[in-house]
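Reader: I would like a close look at one part of this model, and then at how its surroundings are built. Please take your time and connect the pieces for me.

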Amino acid sequence: MSMPILALEKISKRFGAIVVAASIDLALDKGEALGIIGPNGAGKTTLFGIVSGTVAPDSGRVLYEGSDITRASPARRCAMGIGRSFQIPLPFTGMSVFENLVVASAFGARRREREAYQSCMDILERCGLAEKANRPAGSLTLLDRKRLELARALATDPAVLLLDEVAGGLTEYECQALVELIRALRRGGISIIWIEHVVHALVASIDRLLVLHNGAFIADGDPATVIRSPQVAEIYLGIEADA
Amino acid sequence: MSDSKRVRVVFESRASRIALVLFALGVIALAAAPYWGGRDDLQLLAEIYAYAALASLWNLLAGYAGLVSVGQQAYVGLGAYLLFALAILLGLSPLWALPLAGIISGLVAMPVAGLVFRLRGHYFAIGTWIVAEVFRLAASQVSLLGGGSGTSLPASMIIAIAPSRALRDAVEYWVALALALTILVAIVLLLRSRYGLALKAIRDSEVAARCSGIDVMRTKVLVYIVTACGTAMVGALIFLQRLRISPDAAFSVNDWTAFVIFITVIGGIGRIEGPIIGTIIFFVLRQTLADLGTLYLMMLGLVAIAVMLTAPKGVWGLIAERFGFSVFPLERRVILDDGTARK
Ligand SMILES: Nc1ncnc2c1ncn2[C@@H]1O[C@H](COP(=O)(O)OP(=O)(O)OP(=O)(O)O)[C@@H](O)[C@H]1O
Ligand SMILES: [Mg+2]
């Protein structure tokens, strides 16, 4: 068995009385796409914080390609190949959409600036933002800000891509385009963890689905099976998956 | 994507090119000042350049890197003292001592950064001020340079700059102009580089910046050191022109920080052009109000308050927002090869 590209070992995290992670284990294989669902406040975003280095776990280890990165800075992890989008978009509002990608590429992918230009435009094209390349990022609508989150994460040239709710608010047509994009990224060799409430888009794009609840993964397996499992029905009682 | 068009990236626009040409013409006219101006004019202009440079550097530090230092007089004084030390103790020509003073000050700034960067927010500001006080006290202990009462540049050193007084005035003037321009160009280039983008990114969202691969601390330390180096060279030049140095003058918080902050804030913090406009306003005020004594300082305070209330982004902020215009644009614009500029 080959080594997972990313692994969490016995990760625990609490905020005061709220336990968001109770000794969580997780392994992401190279090329794999993993989906995470769970009720609001389950700790999904916090888990991304722990992987990307913005949140320190109380205990446990984060491994990237087998080496311990639990104490590595977010910048270092990004340069190693962990790219992340933010659920609440955090665009660099004072610069253009294009520059948002250039800076991510120059630092996250360690590209010389001139060599980054072409790939940044290509990414904008793929994410549907090319027409807005010269716009100040601060002028974008929420939907475009979400697109920018994905585009900027891609500009860092990630080996592992962490997507936090990028499908919300998209039309059916746009959602299909997103699913296509993510499939194409996977064919390009990127491993993905995707947190998403838009379950049908998620299920169409991933290999494996995990359900986070009360600080632990209560289900893990084939997406279609997990979605129909009684545990999931119980958590989402009354909330029909919008598939 | 196979059908993607070639990407070209530019900073300038038509308006900014015209402005740049006008700026260059202005610089040429100023460079010729030794031929049209008197000794007083040259000295006043050199002082203006020094303040424009100090304010531009402080603007880089506080406006772009968010490092609100009230202790940059530490480097003005350090640079000045280094120049005197290198000239008096080692017999180095002042014109050589000037860049050397900058480099050494940049080196000194490294361990100082290690100290003050442990402090956050207001404490950082206070820390920088304490460092400057420590530097001042240290300078007053150096008896070889006159201790607390200071010292003068020996006549032999003054003659080493240029044999005649008129030529010396011209040389010092050109050095002042060249130094200010070099600092301005260096700041523009820095802000146009990836580090400029990193500074903006950090300002907009530190978390997202870090997760995009930017080492926040490293970037800020880099700016701190570059600023220290430039500030020290300006300090060295100011006291080379004065020919006399003392700890109180060289490490004056009033002259090298209060006025500089005033200039930057009224001109427009966080914009390249701001400190330049601010310097012009400051000197106009000073030349017209200087006879008023203390009242002059109170007037400066009133102007600062008025500007902060009516135009918090400074005078240049007003201009830039009204006309969407800058002389030194820092934004990249994508132009595709088929000639279409994207909106
Ligand atoms: N920095 C923090 N300090 C205190 N509590 C926090 C902090 N960050 C998150 N929390 C709390 O931890 C819990 C998990 O938050 P998190 O954002 O990870 O949930 P989530 O699963 O992403 O939820 P959602 O589906 O709403 O995005 C929430 O109760 C949240 O209020
Ligand atoms: Mg979340």
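Author: Gladly! Let us start with the second largest pocket, whose lining residues divide into 19 nonpolar, 3 polar and 1 charged. In this count Ala, Val, Leu, Ile, Met, Phe, Trp, Tyr, Cys and Pro are nonpolar, Asp, Glu, Lys and Arg are charged, and the others, Gly among them, are polar. The model is a predicted one, where local features need pLDDT of at least 70, side-chain atom pairs count only at pLDDT 80 or more, and totals for chains, interfaces and linings use all residues. Residues are numbered from 1 along each chain as its sequence is written, chains are lettered from A and ligands numbered from 1 in the order in which they are written, and side-chain values use heavy atoms, with hydrogens and water left out.

The second largest pocket holds about 540 Å³ of space. B:F23, B:L30, B:A52, B:I276 and B:I280 are the closest to its centre among the 23 residues that line it. A pocket here is an open set of points on a 1 Å grid over the protein atoms alone, with protein on both sides within 12 Å along at least five of seven lines; a cavity is a set where a 1.4 Å probe fits but cannot get out, and lining residues have an atom within 4 Å of a point. Points are joined across faces, edges and corners, and a volume is the space filled by probe spheres set on them.

Which helices build this wall? In chain B, α1, α3, α8 (165-192) and α14 (274-289) each supply at least two lining residues of the second largest pocket, and α3(B) gives the largest share, 6 residues. Helices (H or I, at least four residues) and strands (E, at least two) are DSSP runs, numbered from the N terminus.

Helix α3(B) comes up again in the largest cavity, where it supplies the largest share of the lining, 4 residues. That cavity has about 50 Å³ of space and is lined by B:S56, B:N59, B:L60, B:Y64, B:L184, B:I187, B:I272 and B:P275. Its lining has 6 nonpolar, 2 polar and no charged residues, and α8 of chain B, like α3, supplies at least two of them. Overall there are 4 cavities of 30 Å³ or more.

B:I272 also leads us to the largest nonpolar core, which has 98 residues; B:I272 is there among those with the most contacts inside it, along with B:Y224, B:V234 and B:F239. Once more helix α3 (residues 39-64) of chain B gives the largest share, 16 residues. A nonpolar core means a set of buried Ala, Val, Leu, Ile, Met, Phe, Trp, Tyr and Cys residues joined through side-chain atoms within 4.5 Å. Buried stands for under 20% relative accessible area, exposed for over 50%, and partly exposed for the range in between (1.4 Å probe, protein chains only).

B:F239 repays a closer look. Not counting residues up to four places away in sequence, B:F239 touches B:V76, B:A80, B:F84, B:R244, B:I245, B:A249, B:A250 and B:W256, a contact being heavy atoms within 4.5 Å. In the loop between α11 (216-242) and β3 (244-245) of chain B sits B:L243, with a positive phi near 70 degrees although it is not glycine. Most residues other than glycine have a negative phi. B:L243 is partly exposed, with a relative accessible area of 29%.

For contrast, here is the largest pocket. It holds about 750 Å³ of space and is lined by 33 residues, with B:K200, B:S326, B:P329, B:L330 and B:E331 nearest its centre. Its lining divides into 13 nonpolar, 9 polar and 11 charged residues. Helices α1 (14-31), α9 (194-204) and α16 (314-323) of chain B each supply at least two of them, and α1 of chain B supplies at least two residues to the second largest pocket as well.
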